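Please work through the following exercises on charged side chains with the model in view, trying each task before reading its solution.

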Amino acid sequence: MRGMHFLDQAKIYLKSGTGGNGAVSFRREKYVEYGGPDGGNGGKGGDIVFEAVEGLNTLIDFRYAQHFKAPRGTGGMGRNRTGAGGDDLVVKVPVGTQVLSEDKEEILADFTYAGQRMTLLTGGAGGRGNMSYKSSTNRAPRQHQPGFPGEEMWVWLRLKLIADVGLVGLPNAGKSTFINRITNTKAKVGDYPFTTLRPQLGVVSHKNREFVIADIPGLIKGAAEGVGIGDRFLGHIERCRALIHLIDANGDDPAQALQTVRRELENYGEGLADKPELIALNKIDLVDDELADMLTDELKAAGAKRIFPISGATGAGLEALLDAFLEHLPEMTATEQPSGIKPDADEDETEWRPI
């Protein structure tokens, strides 16, 4: 993510190609004074096809290119030749992109693996040439048909990062320091809320496994309702296998922090509150052992089950936390998945799923 502009929503216009016009033509042959009709049909217009590709984790390109129009079909020709079809226009989107209707009420496509393709708009059919209008009563028809128009629509693209683990916590919980310590990303570290102004993606390598962690901006009360655009960021962890919940041991009330974030996850819905959760009591380098034990007891009383005292700054306790997370990984993670191969899914997953 270093130096990359992140954009997780974009509105674009799509139009498939119009069909080519049918031709009006008559045979021109020696010794045949009145040749019959031989005008061919027009070619079909190009389709709008979406393809999910690896290596992109932003929709920023769609800010600058917002109109996608497939070419039209070629007109028909004499000697009953059909016009060439228009080429399909392939729109490449990052894995994790959803295509939504203009009102955002319907999911038209959901791209979850590299190589997944879907035709969103079909090109218009070519028009009939005058050859096809010949009949016993009309031997020399001049009728022909224009090509049929393509389809057009505005859609929203919404990117949900495909990450194996989601990192949640209140602002100042130390998430940027933590993600810098365990991955090769370089997040901006600061001591004020919403330092992380866009989701960070990092790749973690641990004990011969590799997985993707998504750090979303610190949650604040009301994030699920859209305060501080927190609701858009929560969408990025819908697909995670488990959550690491970072709590500041040096904060005002760690137990209260736990309940605030959990409430936001519940309010957001989409199963976030039901995901396996590992509680990481961070910044233990700033508190003594006695206070750390007391805070652990308070968190247990507040409903926390697995608590790992850690320090993102010094690296203390990270090994045990990452070991525990390995238990939740699938057989193949987001980065271990070979390109273009559909992953095995627990549920029956079709090419695209309407809502």
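A salt bridge is counted where a side-chain nitrogen of Lys or Arg lies within 4 Å of a carboxyl oxygen of Asp or Glu. The model is predicted, so local features need pLDDT of at least 70 and side-chain atom pairs count only at pLDDT 80 or more, while totals for chains, interfaces and linings use all residues. Residues are numbered from 1 along each chain as its sequence is written, and side-chain values use heavy atoms, with hydrogens and water left out.

**Exercise 1.** Decide how Lys44 and Asp47 meet, and whether Asp47 is buried or exposed.

*Solution.* The side chains of Lys44 and Asp47 form a salt bridge, with 2.6 Å from N to O. For the second step, buried means under 20% relative accessible area, exposed means over 50%, and partly exposed lies in between (1.4 Å probe, protein chains only). Asp47 has a relative accessible area of 12% and is therefore buried, whereas Lys44, at 34%, counts as partly exposed.

**Exercise 2.** Find the partner of Glu102 in a salt bridge, and say where both residues sit.

*Solution.* Glu102 pairs with Lys11, and their closest N and O atoms are 3.1 Å apart. This pair links distant parts of the chain, 91 residues apart, since Glu102 is in the loop between β5 (97-101) and β6 (107-110) and Lys11 is in strand β1 (residues 9-15). Here helices (H or I, at least four residues) and strands (E, at least two) are DSSP runs, numbered from the N terminus. Glu102 is partly exposed at 42% relative accessibility, and Lys11 is partly exposed at 28%.

**Exercise 3.** State how many salt bridges the rule gives.

*Solution.* The count comes to eight salt bridges.
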